[in-house]
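Reader: Hello! I am new to this structure and would love a close look at one part of it, the strands and what surrounds them.

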Amino acid sequence: MKRTTAPLAHVFILVLFLFLFLFLFLFPTNVTSISLPQPPTPSPATSPTPKSKSTSSSTLDPKQVIALESLNIPTSKDPCAQPSFHNATMCDSSIPFRHLISLRLANCSSYVSLSFTALKSLSTLHSLQLLNCPVAPIRFPPELISSLRSFTCINSLRKVSGVWLSQLQNLTDLTVSNVQVKASGPYVILGHMNKLKSLTISHANLTGSLPGHLHSNLTYIDFSANQLKGTIPPSITMLDSLEILNLSTNALAGEIPASIGDLISLKNLSLASNSFSGSIPDSISALPGLVHMDLSSNQLNGTIPKFISQMKNLRYLNLANNNLRGVVPFNVTFMKRLTVFKVGGNSNLCYNHSVVSSKLKLGISPCDKYGMPVSPSPAKDSSADDSSDSDYDDGDEEGSTHKKEHHHGPNKVVLGVAIALSSILFLIFFLICSKCCR
C-alpha cells in the first residue's frame, strides 16, 4: 500500500499544479482587471473651501432672508454657507450682514412669485439665473438693473419684450433661450449694451435682421433657431475678438461676406440651415484657429476650396446639403483627422476613387474620368449619414468589436483547448487511480 500511495500523491500534486498554471495563464485579464474601490476625491468645485468659513462670521441680511423665503428657498440654514441643491446662492463678506451677489432659481414651483419687493431686497445681485421657472413677467427695480452683470433666462418667464431686456444695460453676459422674445429686431435689445461680451438669444422666435452695429467687446454670439432675415452685416465681421458665431436655423440669405476672414479669433462658425448662396469664401483660410465649421443646408455652390485641408485645427466640417460640385479635394489623412466630416446631399459632388476608398461612406458618388459623378448620389443614404456623428466609416468597426471581445476574457478557441486539456488530465488521473487501486 505504501508503494501505490506515493505515486498517487505525486500525480494528484501534478494535476493541481497544471490546473493552477492553466488558470493563471488563461485568465490574467480577469484577475488584473479587479481593482479596489478608491475613496472619492472631492472636486474643487464641490469641496468646501476654508475661505467660505473664515471670510466672515456674519449671517445674511435679514431683508434678503425674507426675500428668499418668499421665493420658496429654505433659510433654516445659512444660505451663504450651505446653498440648496436646486437654488444656488453666493454671498459677499460684508459686515455686519452678508449680501447675495449670485442667485440661481431652478425648477420653480407654480406658486413662486418674483415680487417687486423681493427683487428690491436682492438689489445686490450681480448674477441672476432663471432655469425652468415659467413665472409671470416681472418688473426689475432700478437698483437691481444697475447691479446686474449677468442674466440668464432659460425656459422661464413665459415671454419677454425686447424693451424689457434692453434696460439691463450693464450686462456683460446675456442668455435667453426657449423664451418668446417680442421685438422688432435684435438692435432693440442690444442698442445700449456697451459692456456685453457674451450674447445668446436662441429659440426665441426673434424676428428682424442682424444689427448694423455691435460693440467690439463681444466674444460670443448665438442667434440660432430664430426667424432673422437679411444678410450678414459688416458689423459682425469687424469683431476681431469674436470666438463663437452661431447664426444657424434662421432665414438669412445672400453670400457669406469675404470679410468673414477678419474674425481672426474665430473658433466656431455655424451658418447651417439658412439660405446662403455663392461660393465658400477664400478668406476663411485666414482663420487659423477655426475648429468647427458648419455650412450645411444652404444653397452654396462652386467647388470646395483646397485650402480647407491646410487648416490644422479644424475638427468639425459639415458641408452637406448644398449645391457644391466637382471633386472633393481631400485625402484620407485629412478626413481621419476630423471628428465629423459630412458632404452628402451635394448631387454634383464626387470623390476620386483612386485617392479615397469606396468603403468611406461619404454620401456622394465616385468621379468618372471627367470629374463628374458616376451615378446620382444616394440622397437617402446621405440624409441617414447626416444623423450620425460622422459621415465616413473606414470599416474598422468589426475589428474594434473583436478587440473589445478579447479584452473581456480569453478567446473561445483558447478556452476550448483548456477544457480539452483538462478532460485529458482527468482521464489520465482516473486511469492511474484505477490501476493503483487494483
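Reader: What is the order of the strands in the open sheet of four strands, and is the pairing parallel or antiparallel?

Author: Happy to help! This is a predicted model, in which local features need pLDDT of at least 70 and side-chain atom pairs count only at pLDDT 80 or more, while totals for chains, interfaces and linings use all residues. Residues are numbered from 1 along each chain as its sequence is written, and side-chain values use heavy atoms, with hydrogens and water left out.

The open sheet runs β12-β14-β16-β18, and its pairing is parallel. Strands here are DSSP runs of E with at least two residues, numbered from the N terminus, and two of them pair if DSSP finds at least two bridges between them. β12 (229-230) and β18 (299-300) stand at the edges with a single partner strand each, so one side of each has no neighbour in the sheet. Two bridges join β12 to β14 (residues 251-255) in the parallel sense, and Gly 230 has Leu 252 as its bridge partner in β14.

Now let us turn to β8. Four of the five residues of this strand (residues 173-177) are buried, so β8 is largely enclosed by the rest of the structure. Buried means under 20% relative accessible area, with a 1.4 Å probe and protein chains only. β8 pairs in the parallel sense with β6 (residues 150-154) over five bridges, where Thr 152 has Thr 175 of β8 as its bridge partner. β8 also pairs with β10 (residues 198-202), again parallel and over five bridges; there, Ser 177 is matched with Ser 202.

Thr 200 lies in β10 and is buried, at a relative accessible area of 9%. Leaving aside residues up to four places away in sequence, Thr 200 touches Leu 174, Thr 175, Val 176, Tyr 220 and Asp 222, where contact means heavy atoms within 4.5 Å.

Phe 151 is worth a look too. With the same sequence neighbours set aside, its contacts include Phe 140, Trp 164, Asp 173, Leu 174 and Thr 175. Of the 95 residues in the largest nonpolar core, Phe 140 and Phe 151 touch the most other members. Such a core is a set of buried Ala, Val, Leu, Ile, Met, Phe, Trp, Tyr and Cys residues joined through side-chain atoms within 4.5 Å.

Finally, a word on confidence: the chain averages a pLDDT (the predictor's confidence in each residue, from 0 to 100) of 79, and 70% of the residues score at least 70.

Technical notes
Buried means under 20% relative accessible area, exposed over 50%, partly exposed in between (1.4 Å probe, protein chains only).
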